[in-house]
Amino acid sequence: MPTATLPASTSTVQAPSGAVSPCALRIENLKTHFMTDDGAIPAVDGVSLSLSRGKVLAIVGESGCGKSVTSYSILRLIRPPGQIVDGSIMYYPGDGTRPIDIAKLNEKSDDLYRVRGGYISMIFQEPMTALSPVHTVGNQISEAILLHQKLTPAQAREKAIEMLRKVGIPGAERRIDQYPHEMSGGMRQRVVIAMALVCDPDILIADEPTTALDVTIQAQILKLIKDLQASRGTSVVFITHDLGVVAQIAHDVAVMYLGRVVENGSVRQVLKSALHPYTQALLKSIPSLGTRGARLPAIRGSVPSLTNIPPGCPFHPRCEHAVRGRCDVGGPPALRTFTGNRKAACVRIEEIHPTVRELTAAEVAAADTLAAEVTAAPAGRHNH
Ligand SMILES: Nc1ncnc2c1ncn2[C@@H]1O[C@H](COP(=O)(O)OP(=O)(O)O)[C@@H](O)[C@H]1O
Ligand code: SF4
Ligand SMILES: [Mg+2]
């Protein structure tokens with residue numbers, strides 16, 4: 001557990017009950033903008049989503065929709081001209097200590113150091129961005145261990161070898177003294193996963209971790225992350241542009257379009273009967289057994305530029321359900337909650353899905369409590 005590795009100066013206050021929140025992370029109205037000469041680019045513009053403890057939340061959407069900027073914001077890795085301009089990123093530690101609003105943390109605070117160093121780890125899309133070419137993989141993993149755990153260098157090396165074995169690297173005792181360039185892409189991504197997991201993070205953020213790999217290795221890495229997540233009870237944010245991958249790995253899914261969440265629900269619900277026309281279009285573009293070999297129905301048009309976002313619903317120029325005068329006026333539709341505790345941002349949901357009804361505020365509150373109780377059942381980590 002990360003608590004065992006905290007620096008002595010930590011200011012953490014134990015919550016009176018010590019209760020572990022069923023929610024690991026709750027993002028509300030997050031806005032991360034890039035201040036350029038052409039004006040503010042709203043890469044993330046009012047994102048709200050939550051990650052249940054011990055579950056995998058997939059964030060999915062076409063390239064450029066703000067998935068990486070959202071994940072970088074969670075670790076406060078956004079650099080100028082980027083800036084978090086609004087919203088909160090509440091992290092509820094798995095050890096029951098008080099919640100932390102990561103969005104408000106001082107750059108040099110102990111809490112941010114603890115969040116980055118032990119509580120939340122990230123696997124980046126391209127393994128070489130996370131690895132130094134001039135140090136052996138063993139030294140790099142050992143360094144991550146020594147920074148956050150009170151172990152001797154020999155013990156850290158042992159732990160590094162053990163972790164390399166866990167991520168399926170054959171001959172780990174020998175491989176540990178190799179440099180990244182002596183390894184294949186798949187091996188390097190395993191090393192990055194080992195580095196991300198060696199401090200036993202409470203939350204793992206994986207930003208398209210298999211995109212740079214070939215299909216066979218992709219499947220192996222996905223299985224590896226899934227197995228490690230299940231055995232450790234880690235809460236995972238898994239970012240991908242591929243709904244096929246979502247089906248394999250996630251419990252819940254948030255679909256993003258132009259810096260906003262347009263649909264959010266359980267994977268089963270969303271993949272079986274998507275509410276939002278954008279999700280429906282994404283699903284139609286996945287190859288299935290029936291359509292293999294046939295031409296895929298690509299979503300018409302392309303993603304508009306963030307400097308020229310259409311008025312009204314930002315998806316309206318591409319939407320086959322768009323109605324003039326309703327979908328192309330005003331601001332973007334709010335993310336509303338519907339029966340089954342599913343969320344979607346579209347003004348025509350009830351017309352497109354006549355069996356679906358928007359929940360009242362009281363029903364939304366009740367559904368949230370119920371979801372919390374259901375998720376709370378397995379209690380904490382490492383025990384399911
Ligand atoms: N350093 C930057 N400067 C200006 N704009 C940026 C920067 N980084 C990202 N953006 C903007 O944010 C958008 C979303 O990027 P990103 O989150 O990386 O998308 P993806 O969903 O593919 O991960 C980009 O299309 C770009 O317009
Ligand atoms: S609001 Fe209108 S344009 Fe947007 S997704 Fe719904 S139907 Fe389509
Ligand atoms: Mg990205």
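The exercises below, each with a worked solution, concern a predicted model.

**Exercise 1.** Work out which residues are closest to ligand 1, and which elements give two or more residues to the shell around it.

*Solution.* Begin with the shell itself, in which 14 residues surround ligand 1, the closest being Ala 43, Gly 64, Lys 67, Ser 68 and Val 69. Next, assign the shell to elements: β1 (23–36), β2 (39–52) and α1 (67–74) each give two or more residues, and α1 gives the most, with three residues. Finally, sort the shell by class, which yields six nonpolar, seven polar and one charged residues.

**Exercise 2.** Determine which residues touch the most other members of the largest nonpolar core, and which helix supplies the largest share of this core.

*Solution.* The largest nonpolar core has 93 residues, of which Ala 194 and Val 198 touch the most other members. The largest share of this core, eight residues, comes from helix α7 (residues 185–197). Then follow the contacts of Ala 194, which, if residues up to four places away in sequence are not counted, touches Ile 141, Met 163, Leu 164 and Val 167. As background, nonpolar side chains in soluble globular proteins tend to be buried together.

**Exercise 3.** Decide whether Tyr 179 is buried, partly exposed or exposed, and find which residues it touches.

*Solution.* First locate Tyr 179, which lies in the loop between α6 (172–175) and α7. Because 16 other C-beta atoms lie within 10 Å, Tyr 179 is partly exposed; a buried residue would need 20 or more, and an exposed one 12 or fewer. Leaving out residues up to four places away in sequence, Tyr 179 touches Pro 133 and Thr 136. Lastly, Tyr 179 and His 135 are 44 residues apart in sequence, but 6.2 Å apart in space, C-alpha to C-alpha.

How values were computed
Residues numbered from 1 in each chain as written. Chains lettered and ligands numbered in written order. Predicted model: local features only at pLDDT ≥ 70, side-chain atom pairs only at ≥ 80, totals over all residues. Near = placed C-beta within 6 Å. Helix = DSSP H or I, 4+ residues; strand = E, 2+ residues; numbered from the N terminus. Nonpolar A, V, L, I, M, F, W, Y, C, P; charged D, E, K, R; others polar. Core = buried A, V, L, I, M, F, W, Y, C linked by C-beta atoms within 7 Å. Contact = placed C-beta atoms within 7 Å.
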